[in-house]
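Notebook open, coffee poured. Here is what I looked up in this one, entry by entry.

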Amino acid sequence: MLKYLVAALLVSSAAFGQEIKGKAIALDGGTLLVTQDGGGKAVTVKIWGLDAPEMKIWPSGPRARGTLDLVLRSHERGVVCERRENAGNQILAKCRLIPDSGGNDLDVGAIMIRSGYAVEDRVISKGVYQDEEETAWRNNLGVWAKFWAK
């Protein structure tokens, strides 16, 4: 019995930190469908550290998805997502855009939070995106425009 428990822990821990790399499309403002390079299967990835408006509940939901889609289409090389944990049936991962030659990789979560179409989930991120969220709030961007406009 103990050997099965140890084997299960080894298999589950191997999945965390694993990279998922490929082309991505936005399912909503905080979820990607990544088609893995090399003909791998498509994987649903929830972006770590943020919460975006729900598509069918919030009027800004479609705008959040559109913003994420624009970000993804602006970088043809795709994304790399580092798996952090599971969120229900989804993979929770910190994702970054694969840079074109010589460019820096860009944190997708930071971009979405800075745009105002996602907010930081501080329970998960522990304040990593605090500066990006404050920038969006101060500039009345995205969801902050409607609720906090001066």
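**Entry 1: helix H3**

How many of the eight residues of helix H3 are buried? Before counting, I noted that this is a predicted model. I then went along H3, residues 108-115, and found six of the eight buried, so I wrote the helix down as mostly covered. The buried ones are Val-108, Gly-109, Ala-110, Ile-111, Met-112 and Ile-113.

Next I checked both ends. At the start of H3, I found a side-chain oxygen of Asp-107 within 2.9 Å of the backbone nitrogen of Gly-109. On the other side, H3 is followed by Gly-116, and I read a positive phi there, near 90°.

**Entry 2: positive phi outside glycine**

That glycine made me look for positive phi in other residue types. I noted Lys-126, which is not a glycine and has phi near 60°. I placed Lys-126 in the loop between helix H4 (122-125) and helix H5 (130-138).

I also noted Asn-140, again not a glycine, with a positive phi of about 50°. Asn-140 is in the loop between H5 and helix H6 (143-148).

Buried, partly exposed or exposed: which word fits Lys-126? I wrote down exposed, because its relative accessible area is 67% and the cut-off for that word is over 50%. For Asn-140 I got a relative accessible area of 23%, so I logged this residue as partly exposed.

**Entry 3: the aromatic pair**

How many aromatic pairs are there? My count came to one. The partners are Trp-48 and Tyr-129, with ring centres 6.0 Å apart and planes at 65°, so I put the pair down as edge-to-face. The angle decides it, because planes over 60 degrees apart count as edge-to-face.

Where do the two partners lie? I traced Trp-48 to the loop between strand S3 (42-47) and strand S4 (50-51), and Tyr-129 to the loop between H4 and H5. The pair therefore ties together parts that are 81 residues apart in sequence.

I looked up burial for both partners too. Trp-48 has a relative accessible area of 8%, so it is buried. Tyr-129 is also buried, at 2%.

**Entry 4: a charge over the ring**

One last look at Trp-48. What sits over its ring? I found the charged end of Arg-84 there, 4.8 Å from the ring centre. My closing note for Trp-48 lists an edge-to-face pairing with Tyr-129 and the charged end of Arg-84 over the ring.

Methods: Residues are numbered from 1 along each chain as its sequence is written. This is a predicted model: local features need pLDDT of at least 70, side-chain atom pairs count only at pLDDT 80 or more; totals for chains, interfaces and linings use all residues. Side-chain values use heavy atoms; hydrogens and water are left out. Buried means under 20% relative accessible area, exposed over 50%, partly exposed in between (1.4 Å probe, protein chains only). Helices (H or I, at least four residues) and strands (E, at least two) are DSSP runs, numbered from the N terminus. A polar contact is a pair of N or O atoms within 3.5 Å; within protein, one must be able to donate a hydrogen and the other to accept it, and residues adjacent in sequence count only if both atoms are side-chain atoms. Rings of Phe, Tyr and Trp (its six-membered ring) pair if their centres lie within 6.5 Å; planes under 30 degrees apart count as stacked, over 60 as edge-to-face and the rest as tilted. A charge sits over a ring if NZ of Lys or CZ of Arg is within 6 Å of the ring centre and within 35 degrees of the ring normal.
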